[in-house]
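I am opening a notebook on a structure that is new to me, and I want to set down what I look up in the order in which I look it up.

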Amino acid sequence: MTCEECFFSRHGLCALALDEPCATFRPDHPDGLRPPSQLRFVFRQERRRQAAWAFPSAQEQASLHA
(Lines give C-alpha, C1' and ligand atoms only; values in the text may rest on other atoms or scores of the structure.)
Protein backbone atom coordinates (compact mmCIF):
# COMPACT_ATOMS: atom_id res chain seq x y z
CA MET A 1 0.00 0.00 0.00
CA THR A 2 1.32 3.36 -1.01
CA CYS A 3 -0.32 6.74 -1.37
CA GLU A 4 0.03 6.42 -5.16
CA GLU A 5 -2.36 3.41 -5.01
CA CYS A 6 -4.98 5.32 -3.01
CA PHE A 7 -8.29 6.36 -4.60
CA PHE A 8 -8.15 9.81 -3.00
CA SER A 9 -4.61 10.52 -4.12
CA ARG A 10 -5.18 9.40 -7.72
CA HIS A 11 -8.30 11.55 -8.05
CA GLY A 12 -6.77 14.66 -6.46
CA LEU A 13 -8.92 14.38 -3.34
CA CYS A 14 -6.17 13.90 -0.73
CA ALA A 15 -5.21 16.92 1.34
CA LEU A 16 -2.58 15.18 3.45
CA ALA A 17 1.17 15.32 2.93
CA LEU A 18 2.30 12.05 4.52
CA ASP A 19 5.08 9.59 3.70
CA GLU A 20 2.83 6.58 4.34
CA PRO A 21 -0.81 5.67 3.74
CA CYS A 22 -3.23 7.09 6.29
CA ALA A 23 -6.24 5.51 8.02
CA THR A 24 -8.55 6.62 5.19
CA PHE A 25 -6.57 4.70 2.52
CA ARG A 26 -8.86 3.08 -0.07
CA PRO A 27 -7.46 1.20 -3.05
CA ASP A 28 -8.23 2.74 -6.44
CA HIS A 29 -10.44 0.18 -8.17
CA PRO A 30 -11.82 0.28 -11.75
CA ASP A 31 -15.35 0.09 -10.31
CA GLY A 32 -14.76 3.20 -8.21
CA LEU A 33 -14.65 3.76 -4.50
CA ARG A 34 -15.64 0.72 -2.46
CA PRO A 35 -16.32 0.64 1.27
CA PRO A 36 -13.81 -1.33 3.36
CA SER A 37 -14.77 -4.92 4.03
CA GLN A 38 -16.30 -5.56 7.41
CA LEU A 39 -16.52 -8.62 9.63
CA ARG A 40 -19.72 -10.60 9.44
CA PHE A 41 -21.94 -10.54 12.51
CA VAL A 42 -22.83 -14.04 13.64
CA PHE A 43 -25.29 -14.71 16.43
CA ARG A 44 -24.15 -17.20 19.05
CA GLN A 45 -26.32 -20.11 19.88
CA GLU A 46 -27.87 -19.78 23.32
CA ARG A 47 -25.92 -22.17 25.49
CA ARG A 48 -27.73 -22.03 28.79
CA ARG A 49 -31.36 -22.79 29.27
CA GLN A 50 -31.18 -22.39 33.06
CA ALA A 51 -29.93 -19.63 35.25
CA ALA A 52 -26.43 -20.22 36.54
CA TRP A 53 -27.50 -19.20 40.03
CA ALA A 54 -30.84 -18.73 41.72
CA PHE A 55 -32.08 -17.81 45.16
CA PRO A 56 -32.95 -20.81 47.35
CA SER A 57 -36.61 -21.65 47.73
CA ALA A 58 -38.49 -20.79 50.91
CA GLN A 59 -38.17 -24.39 52.13
CA GLU A 60 -34.41 -24.42 51.47
CA GLN A 61 -33.97 -21.10 53.32
CA ALA A 62 -36.01 -22.38 56.27
CA SER A 63 -33.92 -25.55 56.51
CA LEU A 64 -30.68 -23.51 56.45
CA HIS A 65 -31.78 -21.35 59.38
CA ALA A 66 -33.60 -24.00 61.45
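The entries below go through the cavity, the cysteines, the salt bridge and the aromatic rings.

**Entry 1: the model.** I note at the outset that this is a predicted model, and I keep that in mind for every value that follows.

**Entry 2: the cavity.** I began with enclosed space, since rolling a probe the size of a water molecule over the atoms shows where empty space is left. How many cavities of 30 Å³ or more does the structure hold? I found one, and I noted that about 60 Å³ of space lies in the largest cavity. I then listed the residues that line the largest cavity, and they are Cys3, Cys6, Ser9, Cys14, Leu16, Leu18, Glu20, Pro21, Cys22 and Phe25. Sorting that lining by class, I wrote down eight nonpolar residues, one polar residue and one charged residue.

**Entry 3: Glu20.** Glu20 is one of the lining residues, and I wanted to know where in the chain it sits. I located Glu20 in the loop between α1, which spans 7-10, and α2, which spans 58-64. Is Glu20 buried or exposed? Its relative accessibility is 55%, and because the cut-off for exposed is over 50%, Glu20 counts as exposed. I also checked Glu20 against Glu4, and their C-alpha atoms are 9.9 Å apart in space, while the two residues are 16 apart in sequence.

**Entry 4: the cysteines.** Cys3, Cys6, Cys14 and Cys22 are among the residues lining the largest cavity, so I searched the whole structure for disulfides, and the search gave zero. For Cys3, the nearest cysteine sulfur belongs to Cys14 and lies 6.2 Å away, which is not within the 2.5 Å that a disulfide needs. For Cys6, which is likewise in no disulfide, the nearest cysteine sulfur is that of Cys22, at 6.1 Å. I then compared accessibility, and Cys6 counts as buried at 7%, whereas Cys3 counts as partly exposed at 24%. Cys14, which I found in the loop between α1 and α2, is partly exposed at 38% relative accessibility. Cys14 and Cys3 are eleven residues apart along the chain, and their C-alpha atoms are separated by 9.3 Å.

**Entry 5: the salt bridge.** Which residues form the salt bridge with closest N and O atoms 3.5 Å apart? A search of the whole structure gave one salt bridge, and I identified the partners as Arg10 and Asp28. The pair links distant parts of the chain, for Arg10 is in helix α1 and Asp28 is in the loop between α1 and α2, 18 residues apart. I looked up Asp28 as well, and at 24% relative accessibility Asp28 counts as partly exposed.

**Entry 6: the aromatic rings.** My last search, again over the whole structure, returned two aromatic pairs. In the pair of Phe7 and Phe8, the ring centres are 5.6 Å apart and the planes stand at 85°, so I recorded the pair as edge-to-face. Phe7 counts as buried at 13% relative accessibility, while Phe8 is partly exposed, with a relative accessible area of 23%. In the pair of Phe41 and Phe43, the ring centres are 5.0 Å apart and the planes stand at 90°, so this pair is edge-to-face too. I closed the entry by noting that both Phe41 and Phe43 are exposed.

Terms used: Residues numbered from 1 in each chain as written. Predicted model: local features only at pLDDT ≥ 70, side-chain atom pairs only at ≥ 80, totals over all residues. Heavy atoms only, no water. Helix = DSSP H or I, 4+ residues; strand = E, 2+ residues; numbered from the N terminus. Buried < 20%, exposed > 50% of the residue type's maximum accessible area, 1.4 Å probe, protein only. 1 Å grid on protein atoms, 1.4 Å probe; cavity = no way out; pocket = protein on both sides within 12 Å on 5 of 7 lines; lining within 4 Å. Points joined across faces, edges and corners; volume = space filled by probe spheres on them. Nonpolar A, V, L, I, M, F, W, Y, C, P; charged D, E, K, R; others polar. Salt bridge = Lys/Arg side-chain N within 4 Å of Asp/Glu carboxyl O. Phe/Tyr/Trp six-rings, centres within 6.5 Å; stacked < 30°, edge-to-face > 60°.
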